[in-house]
Amino acid sequence: MEGIQQFVPLILIFAIMYFLLIRPQQKKAKEHQAMVAGLRRGDQVVTQGGIIGKVVKVKEDGEVEVEIAEGVKVRVVQATIATVVSKTEPAK
């Protein structure tokens with residue numbers, strides 16, 4: 001019985017760390033993946049580098065073409081999109 005009592009604080013610490021650190025991080029990662037998967041042409045986005053632009057084309061290989069100025073387009077990896085500033089309405 002005394003052997004089990006020695007592990008109880010260690011198990012409690014692990015449980016607290018899981019609920020306070022690991023679980024919220026996993027939830028945030030899932031939300032980011034859903035946001036990136038929902039990118040559409042016309043969405044205004046901010047990259048992790050701080051570049052603001054409009055999505056021109058979403059490619060199949062995990063890339064997005066973003067227009068950062070008139071006539072200036074850059075290819076960006078989808079995972080580097082930090083936030084979507086404004087979403088466009090779906091085409092009918």
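Reply: A residue is called buried when its relative accessible area is under 20% and exposed when it is over 50%; in between, it is partly exposed. Lysine 59 has 24% relative accessibility, so it counts as partly exposed. Keep in mind that this is a predicted model.

Me: How does glutamate 63 count by that scale, buried or exposed?

Reply: Glutamate 63 is buried, because its relative accessibility of 18% is under the 20% limit. Arginine 75, with a relative accessible area of 59%, is exposed. Threonine 80 has 27%, so it is partly exposed.

Me: Let me start at the beginning of the chain. How many residues does helix H1 have, and how far does it reach?

Reply: One general point helps when you look at a helix. An α-helix has 3.6 residues a turn, so residues three or four places apart point the same way. Here, H1 runs over residues 2-37, which is 36 residues. From first C-alpha to last, H1 reaches 51 Å, close to the expected 52 Å.

Me: Where is the kink in H1 centred?

Reply: The kink is centred on tyrosine 18 and amounts to about 40 degrees.

Me: How many of the residues of H1 are buried?

Reply: The count is 1 among the 36 residues, and H1 is hardly covered.

Me: What does UniProt place at residues 6-22?

Reply: An unreviewed UniProt entry gives the feature "transmembrane region" for that span. That label comes from the record. In the model, residues 6-22 are 100% helix and 0% strand, and the C-alpha atoms at the two ends lie 24 Å apart.

Me: Now the core. Which residues make up the largest nonpolar core?

Reply: To read a core, ask who belongs to it and then which elements supply the members. The largest nonpolar core has 8 residues: Leu39, Val45, Val55, Val64, Val66, Val76, Ile81 and Val84. Two elements give two or more residues to this core, strand E3 (63-69) and strand E5 (81-86).

Me: What does valine 66 touch, not counting residues up to four places away in sequence?

Reply: Setting those neighbours aside, valine 66 touches a list that includes Val45, Val55 and Val76. These three also appear among the core members. Others on its list are Lys54 and Lys73.

Me: Where is valine 84 found?

Reply: Valine 84 is in strand E5. Beyond four places in sequence, its contacts are Met35, Leu39, Asp43, Gln44 and Val45. Valine 84 and aspartate 43 are 41 residues apart along the chain, yet their C-alpha atoms are separated by 6.9 Å. Distance along the chain and distance in space have to be read separately.

Me: How many salt bridges does the count come to?

Reply: Here is the general idea. Side chains of opposite charge can pair when their charged atoms come close. In this model the count is 3 salt bridges.

Me: What is the salt bridge partner of lysine 87?

Reply: The partner is aspartate 43, at 3.3 Å from N to O. Lysine 87 lies in the segment after E5 and aspartate 43 in the loop between H1 and strand E1 (44-47), so the pair ties together parts that are 44 residues apart in sequence. Lysine 87 is partly exposed at 45%, while aspartate 43 is buried at 0% relative accessibility.

Me: Which residue forms a salt bridge with lysine 59?

Reply: Glutamate 65 does, with the closest N and O atoms 3.9 Å apart. Glutamate 65 sits in strand E3 and is buried at 14%. Leaving aside residues within four places in sequence, its contacts include Lys54, Lys57, Lys59 and Lys73.

Me: Which salt bridge does glutamate 63 form?

Reply: Glutamate 63 pairs with arginine 75, the closest N and O atoms being 3.6 Å apart. Glutamate 63 lies in strand E3 and arginine 75 in strand E4 (residues 72-77), so the pair ties together parts that are 12 residues apart in sequence. Beyond four places in sequence, glutamate 63 also touches Lys57, Val58, Val76, Val77 and Gln78.

Me: Where is the place of threonine 80?

Reply: Threonine 80 is in the loop between E4 and E5. Leaving aside neighbours within four places in sequence, threonine 80 is in contact with Thr47 and Gln48. Its C-alpha atom is 9.6 Å from that of glutamate 63, 17 residues away along the chain.

Conventions: Residues numbered from 1 in each chain as written. Predicted model: local features only at pLDDT ≥ 70, side-chain atom pairs only at ≥ 80, totals over all residues. Heavy atoms only, no water. Core = buried A, V, L, I, M, F, W, Y, C linked by side-chain atoms within 4.5 Å. Buried < 20%, exposed > 50% of the residue type's maximum accessible area, 1.4 Å probe, protein only. Helix = DSSP H or I, 4+ residues; strand = E, 2+ residues; numbered from the N terminus. Contact = heavy atoms within 4.5 Å. UniProt positions renumbered as here; feature names shortened; annotations may be inferred. Expected span 1.5 Å × (residues − 1). Bend = angle between axes of the 7 residues up to and from the residue. Salt bridge = Lys/Arg side-chain N within 4 Å of Asp/Glu carboxyl O.
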